[in-house]
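This report looks at one lysine and its surroundings, and then turns to the aromatic side chains.

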Amino acid sequence: MISKRIIPCLDVRDGRVVKGVNFAGLKDVNDPVTLAKFYNEQGADELVFYDITASSEGRGLFTDILQAVASEVFIPLTVGGGINEVQDFERVLNCGADKVSVNSGAIRQPKLIEAGAKRYGSQCVVLSVDIRRVGNAWHVFAKGGREDTGLDALEWIRQGEALGAGELVINSMDTDGVKKGFDLELLRAISDISSLPIVASGGAGKAEDFIELFQLPKIEAGLAASIFHYGEVKIPDLKAELAKEQIPVRL
């Protein structure tokens, strides 16, 4: 059985890791290089690095910070923010990324997914989707959650998979930073329509939330930020709890 992955997330703004609630009220947390080194030592399975204002500010990702982070980790590194053309894949991969996360750039130009997959392989292309309930539907949001695209999230995920994305990161804006559990209803709905590996993000508050999450068979990873950044949940302790529940993890 495939081991479930525990993934800390570094949301980087102006060279610092920040965190908020429901994608708002961002507060300074720490230096990204310091945190990256810490998570590598703690036994994280992967690390995600998002330059969260690159798209909204219309600029490329800060590669100097990325290079410094990549030099401290020996686990797979997924990088996103300001990925608007195939050349941006090349840039972040050359800085040490293993996978490239596309979001706002792919919404504007869906063929970016296909172009990235053809050049670097589907395993390199991660479709990150920021989703919020709007009425009776789930909408896709762009530019770091600032803009409602009006796109139906399930339809966008179907399209992204057809274009060659190899993995999904599902960011529930409704549960982000709330620490009351992952958005299981949304994750079940996506599991029903996609065959891709799913990384769940938004809502983790305690070890039990991950145990509940991994009852959904298609969820391969749980991603969290603040509970790890502030030491509320320690990765070795979390993995020990998961192992006790017969959930396969890399200890």
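With which side chain does the side chain of lysine 99 make a polar contact? In this predicted model, the partner is the side chain of glutamate 167, at 3.1 Å. Lysine 99 belongs to strand β6, which covers residues 99-102, and its relative accessibility of 11% falls under the 20% limit, so lysine 99 counts as buried. Leaving aside neighbours within four places in sequence, the residues in contact with lysine 99 include Arg5, Glu46, Leu77, Gln123 and Cys124, as well as Glu167.

The structure holds five aromatic pairs, two of which are set out here.

| Aromatic pair | Centre to centre | Angle between planes | Arrangement |
|---|---|---|---|
| phenylalanine 182 and phenylalanine 210 | 5.3 Å | 75° | edge-to-face |
| phenylalanine 210 and phenylalanine 228 | 6.2 Å | 25° | stacked |

The edge-to-face pair links distant parts of the chain, 28 residues apart, since phenylalanine 182 lies in the loop between β10 (167-172) and α7 (184-193), while phenylalanine 210 lies in helix α8 (residues 207-213). In the stacked pair, phenylalanine 210 of helix α8 meets phenylalanine 228 of helix α9 (residues 226-229), so that parts 18 residues apart in sequence are tied together. Phenylalanine 182 and phenylalanine 210 are both buried, and phenylalanine 228 is buried as well. These three residues form one aromatic cluster together with Phe38 and Tyr39.

A further ring has a charged group as its partner: the charged end of arginine 132 sits over the ring of phenylalanine 141, at 5.7 Å from the ring centre.

Key:
Residues are numbered from 1 along each chain as its sequence is written. This is a predicted model: local features need pLDDT of at least 70, side-chain atom pairs count only at pLDDT 80 or more; totals for chains, interfaces and linings use all residues. Side-chain values use heavy atoms; hydrogens and water are left out. Helices (H or I, at least four residues) and strands (E, at least two) are DSSP runs, numbered from the N terminus. Buried means under 20% relative accessible area, exposed over 50%, partly exposed in between (1.4 Å probe, protein chains only). A polar contact is a pair of N or O atoms within 3.5 Å; within protein, one must be able to donate a hydrogen and the other to accept it, and residues adjacent in sequence count only if both atoms are side-chain atoms. Contact means heavy atoms within 4.5 Å. Rings of Phe, Tyr and Trp (its six-membered ring) pair if their centres lie within 6.5 Å; planes under 30 degrees apart count as stacked, over 60 as edge-to-face and the rest as tilted. A charge sits over a ring if NZ of Lys or CZ of Arg is within 6 Å of the ring centre and within 35 degrees of the ring normal.
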